[in-house]
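Reader: I would like to learn how to read the interfaces of a multi-chain model with some care. Could we go through them one at a time, with the cut-offs stated as we go?

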Number of protein chains: 4
Amino acid sequence: MIKVGIYGASGYMGGEALRILLEHPEVEIAWLTSRGDKPVEYLNKNLYGAELKFIKPEEVTPCDVVFAALPSGQIMKKAREILATGTKVIDLGADFRLTDLKQWERVYEKAHADWQIAEEAVYGIPELHREEIKKARIIANPGCYSSAAILGMAPLVKNGLIDTEKIIVDGLSGTAGAGAETDRAIHHPEIGNNIVPYNVVGHRHTYEMEQELSILCSTKTLVHFTTAYVPITRGILDICHCFSKTKMNRDELIDLYKGFYQNEAFIKIIDLPKDAGSSWQYIPYPWVAAVSGTNYCHIGLDVDEERGRIVIFSVLDSLGKGGAHVGIQNMNLMFGFEETRGLKRQGSHPY
Amino acid sequence: MIKVGIYGASGYMGGEALRILLEHPEVEIAWLTSRGDKPVEYLNKNLYGAELKFIKPEEVTPCDVVFAALPSGQIMKKAREILATGTKVIDLGADFRLTDLKQWERVYEKAHADWQIAEEAVYGIPELHREEIKKARIIANPGCYSSAAILGMAPLVKNGLIDTEKIIVDGLSGTAGAGAETDRAIHHPEIGNNIVPYNVVGHRHTYEMEQELSILCSTKTLVHFTTAYVPITRGILDICHCFSKTKMNRDELIDLYKGFYQNEAFIKIIDLPKDAGSSWQYIPYPWVAAVSGTNYCHIGLDVDEERGRIVIFSVLDSLGKGGAHVGIQNMNLMFGFEETRGLKRQGSHPY
Amino acid sequence: MIKVGIYGASGYMGGEALRILLEHPEVEIAWLTSRGDKPVEYLNKNLYGAELKFIKPEEVTPCDVVFAALPSGQIMKKAREILATGTKVIDLGADFRLTDLKQWERVYEKAHADWQIAEEAVYGIPELHREEIKKARIIANPGCYSSAAILGMAPLVKNGLIDTEKIIVDGLSGTAGAGAETDRAIHHPEIGNNIVPYNVVGHRHTYEMEQELSILCSTKTLVHFTTAYVPITRGILDICHCFSKTKMNRDELIDLYKGFYQNEAFIKIIDLPKDAGSSWQYIPYPWVAAVSGTNYCHIGLDVDEERGRIVIFSVLDSLGKGGAHVGIQNMNLMFGFEETRGLKRQGSHPY
Amino acid sequence: MIKVGIYGASGYMGGEALRILLEHPEVEIAWLTSRGDKPVEYLNKNLYGAELKFIKPEEVTPCDVVFAALPSGQIMKKAREILATGTKVIDLGADFRLTDLKQWERVYEKAHADWQIAEEAVYGIPELHREEIKKARIIANPGCYSSAAILGMAPLVKNGLIDTEKIIVDGLSGTAGAGAETDRAIHHPEIGNNIVPYNVVGHRHTYEMEQELSILCSTKTLVHFTTAYVPITRGILDICHCFSKTKMNRDELIDLYKGFYQNEAFIKIIDLPKDAGSSWQYIPYPWVAAVSGTNYCHIGLDVDEERGRIVIFSVLDSLGKGGAHVGIQNMNLMFGFEETRGLKRQGSHPY
């Protein structure tokens with residue numbers, strides 16, 4: 001049993017970490033912080049009766065590991081001090097995700113408070129950085145859109161199959177991805193029967209995608225990334241368009257993907273045939289709802305052989321495999337637990 | 001470990017039983033039947049990679065218990081034979097729910113095939129029939145609206161606090177309650193931004209409510225029940241209006257309810273104060289989304305002291321505490337497992 | 001052509017009045033007020049290109065009539081002065097809806113600023129108060145839930161057919177009814193797949209219902225009213241449960257309703273037969289989506305003859321027949337225009 | 001007044017044509033056909049009380065113009081005969097949209113029944129083919145995704161500003177675009193909280209886009225088109241990614257677009273500044289909900305100057321500017337009515 005604290009547990013990301021950690025057999029929740037003064041169950045009616053209380057950040061006690069689900073710029077000021085007490089840190093936010101200081105400061109529009117710690121932090125995609133994660137004291141948990149795109153295109157990029165300067169990604173997100181703070185664009189009357197495109201240039205996750213994909217192919221990549229909110233509550237679909245450098249058909253690519261991820265418990269390649277039946281229930285692509293609330297990433301794909309384009313559909317939950325759940329997967333690795341411990345719950349159908 | 005079979009696993013109810021049983025530590029899935037010929041994961045993308053196959057009903061093998069998630073009228077023809085082999089039966093459908101043959105035949109518009117078995121079957125609400133369930137060979141799992149209403153009003157009815165001839169229940173259901181068969185009223189373009197009231201007179205669940213509530217108060221009850229679909233995927237809210245016979249305020253009633261259900265793991269009484277704050281996030285009533293995908297029932301209430309009315313809000317998931325999950329709770333009781341085994345997962349937030 | 005001003009045009013109600021008045025052939029929009037400083041089309045993208053500007057309330061110019069879509073308590077301070085200039089007033093808010101000063105002050109939790117004007121104001125349901133509206137200088141436009149319930153039960157109450165002390169109304173509302181101000185309960189991640197019951201005791205519209213229904217039957221009425229938000233954007237369904245004093249069947253009641261509203265352009269009685277077909281598309285009750293964006297109220301009903309209960313389903317749009325549109329119907333009456341002028345647009349399908 | 005008939009009025013497209021034509025001051029509805037036997041208001045509750053009846057296709061009478069909203073392959077067999085009687089034809093379907101017979105037959109997987117008529121038909125985008133439409137006897141009304149994409153990219157392609165072999169379009173559609181026939185992928189429980197990508201290769205609308213864009217630039221174009229359903233009822237967002245051949249910034253492109261469409265009543269270029277405010281309500285891109293139920297197309301755009309990409313967001317209603325409404329705009333042109341006659345209704349807010 002390890003002691004775990006959660007900074008910022010009243011938001012959606014912290015609340016999701018709490019839900020999963022409460023059922024994790026190796027974990028004892030030490031504390032939860034929040035600026036608010038209400039019991040947990042006011043916001044998290046799903047945990048009604050759990051009798052949990054938020055404390056102030058000033059009241060925290062020693063832990064084996066802390067999860068930070070804080071607004072940008074806060075944990076970078078505290079991490080050094082926390083690490084110094086022997087406590088590990090998993091940042092569910094963005095303070096340590098980039099490896100280039102100048103870019104971080106430009107993208108996040110502030111000076112970084114502790115770049116040495118940022119350099120130490122390991123980017124927390126276990127499928128790509130498992131060994132480093134096992135040894136890490138501090139994890140930069142990846143962005144949600146980034147996770148989906150990087151996992152979705154890693155086999156293509158690693159194998160040099162596509163033009164890496166013309167990668168187009170349309171990221172469609174459920175509204176939980178926008179967080180618990182109210183805003184008129186996520187006000188139900190506005191978005192309940194609407195689509196809200198909100199970013200074209202310089203979305204912060206772009207730089208994570210370019211950073212990680214460039215590592216895989218040892219050359220520069222350009223990710224052309226656009227985002228929109230759709231009226232679902234949870235989950236992300238990244239539609240990734242790649243121009244192929246060699247001729248490959250759908251079956252060959254599916255085999256490549258299945259090989260690439262063959263030892264991964266949480267990555268599923270959708271290999272449904274395209275001619276299964278005439279009804280749309282036989283569509284051979286992944287569905288966001290199937291992975292909501294879980295640590296799974298489902299990847300499907302197709303090839304337009306006539307026009308030389310590969311399309312990757314990558315779905316995950318921004319609070320799950322794109323957030324708190326993968327943070328716990330990282331925790332399992334850091335503490336030598338079975339990697340899938342506490343994370344094997346399947347998605348619901350319907351969701 | 002017990003061997004479990006599921007009849008009708010390609011529908012939503014059978015699929016949900018499958019999802020929960022797959023993660024149940026005492027259970028081995030023996031088989032799943034379906035009339036269709038596709039692998040499970042075509043319909044249940046949430047289980048992608050589980051490599052499960054449906055078999056035909058003719059191909060089943062012996063089990064310790066079978067769950068039946070079949071259209072009305074099918075399992076009543078098979079149950080006797082199944083029981084004779086020593087296999088227990090949990091009917092997630094409606095073949096054995098009523099105790100009055102004539103009413104059953106009138107309500108279900110067909111002749112009953114085996115009333116002796118129906119008379120043996122125990123109505124599967126553990127909070128009211130726990131001891132009988134432990135000894136039962138066959139369970140009539142309750143209807144979803146019925147479960148919410150019966151659990152919601154049992155303390156009032158049992159204690160003789162209300163006029164039992166003027167109980168009004170408005171049942172609001174997510175569309176999963178309508179099942180997996182397509183129908184124009186549940187076609188997304190029709191209901192996605194709509195409310196669809198669909199029944200006023202003689203909804204089948206009315207008779208379960210009247211039957212069970214009458215047992216509790218040893219007198220006749222009349223439940224005036226109306227139903228509507230709202231555009232959520234899962235979950236039910238029963239709004240129950242009762243006219244009080246004595247003066248009681250909200251706090252007294254909340255205490256009564258907490259006492260009534262004090263030993264129940266899956267019933268939570270929402271006891272939030274009414275004056276917590278001005279924002280609607282402090283509404284002291286239960287939310288459907290908090291129990292979706294779980295075996296929990298959340299009950300909240302309020303009293304209009306001026307007009308003599310008590311309102312009970314009872315929420316559960318029609319596939320969860322109102323369906324497959326409570327069926328598994330019953331299975332746990334029947335086989336001497338811990339009652340909460342495999343059922344403790346909390347709801348998600350958001351859902 | 002008359003000159004029309006709108007106070008509070010940046011909210012949903014004022015914005016809807018604007019949309020309809022822009023297409024009204026007898027109307028010239030004189031001005032729109034808002035506290036904000038952005039062009040109209042920032043909030044009302046539906047009017048993109050209309051080149052309308054908000055002004056400050058201090059900058060208004062003389063008009064023939066003003067619509068007030070202001071927070072509670074504001075227009076009551078200005079109405080006397082506006083009326084003194086010969087300008088008529090249609091209050092889309094609640095300042096003048098009740099006829100009992102003490103009740104108004106209790107319900108709205110403030111002192112009324114000008115009760116003499118409140119006494120002059122006519123309650124703006126044309127189907128019940130047409131002749132007074134024609135002569136009025138000031139209209140108290142009815143609440144949305146109230147309009148649906150009063151129109152829905154007027155024929156029953158007027159004809160003495162029901163127990164008027166046990167009228168139960170469950171009001172289900174789309175989120176636009178909550179207004180444009182953000183709040184966590186209407187934040188999309190919270191309500192997008194949820195139902196939010198929010199009021200049991202003393203909802204303000206209760207008193208309008210009791211006031212108007214009592215006039216119709218010349219005796220006291222008690223309306224037991226509960227409300228919930230469901231995840232649709234617009235529209236209201238009031239489910240009204242009444243206990244009948246005499247035996248009447250569905251067909252007789254439908255005839256009664258059709259007679260009662262035979263000369264009304266905007267009230268439609270759903271007279272679909274109950275046995276039209278097995279698919280749910282033949283459900284003989286009204287659908288909210290059919291009247292969204294319009295001035296129509298659709299009323300359907302059914303009778304549980306066995307249990308002595310009548311159920312009325314009354315649907316309208318809280319911004320339409322329950323708000324801005326009926327305000328314009330009132331304006332038409334006040335200025336001698338054809339009553340349906342500018343209001344005949346049909347609903348969309350799907351919506 | 002002209003006499004108008006509608007073939008296939010019981011579907012969503014035919015029903016929408018009916019709704020708009022009923023309010024068109026120059027039109028008398030002569031008849032509506034449907035294979036079903038129910039009154040119109042069973043399906044179109046929005047028209048309740050209109051007392052319209054469907055007739056069989058065999059019972060039609062002479063008209064000035066007919067709208068065809070039929071499944072693929074039907075109207076091509078009848079058009080010659082209809083035209084011969086002097087009746088004009090507006091095909092809301094796909095029988096006459098392509099100019100290359102071989103491609104049509106490959107894409108629609110059948111032999112074409114009357115290619116001579118197809119060659120005569122004018123592709124019905126008024127902004128690009130106004131003069132031909134005025135003189136036409138038969139119109140091939142464009143596909144919904146195609147309309148949005150072609151209108152969205154015409155100024156770029158016409159002016160030679162982009163690489164026309166690498167045009168990527170992600171088409172996001174509301175479920176009404178899937179039509180009134182039920183299918184499990186559009187069943188509410190499946191898609192209500194989900195995203196359903198459904199096509200990567202060879203969507204039929206691809207060929208319309210390539211055909212029309214190639215005309216504009218007099219060279220071959222390749223459109224890489226992918227589609228997904230999102231849980232909104234109506235409307236389409238095409239996200240179009242183009243790689244620019246010359247440097248242009250957002251303001252310059254907005255000016256170009258405003259110039260290109262300066263005389264068009266139904267095309268609005270969203271020219272909101274990017275720095276209007278920190279809240280998302282100031283997002284300077286178009287919203288689908290703003291044009292639902294209308295004949296408007298809203299186009300917004302942005303430029304990633306660093307990576308050389310232009311993004312066009314083009315929104316319209318698949319039953320409106322992408323369907324029945326533009327068909328009526330074409331009818332207005334063909335009969336010499338004012339082009340905007342009967343089509344000026346603004347969108348609703350919220351929708």
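Author: What follows takes up the contact between two domains and then two contacts between chains. This is a predicted model, in which local features need pLDDT of at least 70 and side-chain atom pairs count only at pLDDT 80 or more, while totals for chains, interfaces and linings use all residues. Residues are numbered from 1 along each chain as its sequence is written, chains are lettered from A and ligands numbered from 1 in the order in which they are written, and side-chain values use heavy atoms, with hydrogens and water left out.

Reader: Into which domains is chain A divided, and how many residues does each give to the contact?

Author: Domain bounds come from an automatic or database domain assignment, and here domain 1 covers 2-120 and domain 2 covers 145-316 of chain A. Their C-alpha centres lie 27 Å apart, and the contact (heavy atoms within 4.5 Å) takes 11 residues from domain 1 of chain A and 10 residues from domain 2 of chain A.

Reader: What area is buried between domain 1 and domain 2 of chain A, and which three residues of domain 1 supply the most of its part?

Author: Buried area is the accessible area (1.4 Å probe) that two parts lose on being put together, summed over both. For these two domains of chain A the value is about 1100 Å², with carbon and sulfur atoms giving 48%. A:Tyr12, A:Arg97 and A:Val107 supply 42% of what domain 1 buries against domain 2, more than any other three residues.

Reader: How many salt bridges are counted between domain 1 and domain 2 of chain A?

Author: A salt bridge is a side-chain nitrogen of Lys or Arg within 4 Å of a carboxyl oxygen of Asp or Glu, and the count between these domains of chain A is three. A:Arg204 also forms a salt bridge with A:Glu109, where the closest N and O atoms are 3.9 Å apart.

Reader: How many residues does each of chain D and chain A bring to their contact, and what is the area buried between them?

Author: Chain D and chain A each bring 60 residues, and the area buried between the two chains is about 5400 Å², of which 64% comes from carbon and sulfur atoms. The salt bridges between chain D and chain A number two; A:Arg307 and D:Glu210 meet through their side chains in a salt bridge at 2.8 Å, N to O.

Reader: How is chain D related to chain C?

Author: Two copies of a chain are related by a rotation about an axis and a shift along it. With superposition by least squares on the C-alpha atoms of residues with pLDDT of at least 70 in both copies, a rotation of 180° with 0.0 Å of shift along its axis places chain D on chain C at an RMSD of 0.0 Å. The two copies are thus related as by a two-fold rotation axis, and D:Asn193 is the residue of chain D that comes closest to that axis, at 3.6 Å for its C-alpha.

Reader: Why do chain D and chain C meet through the same surface?

Author: The surface is the same because 100% of the interface residues of chain D are also interface residues in chain C. In this contact 40 residues of chain D touch 40 residues of chain C, burying about 3900 Å² between the chains, 56% of it on carbon and sulfur atoms. D:Lys45, D:Tyr48 and D:His349 supply 21% of the area that chain D buries here, more than any other three residues, and the count of salt bridges between chain D and chain C is zero.
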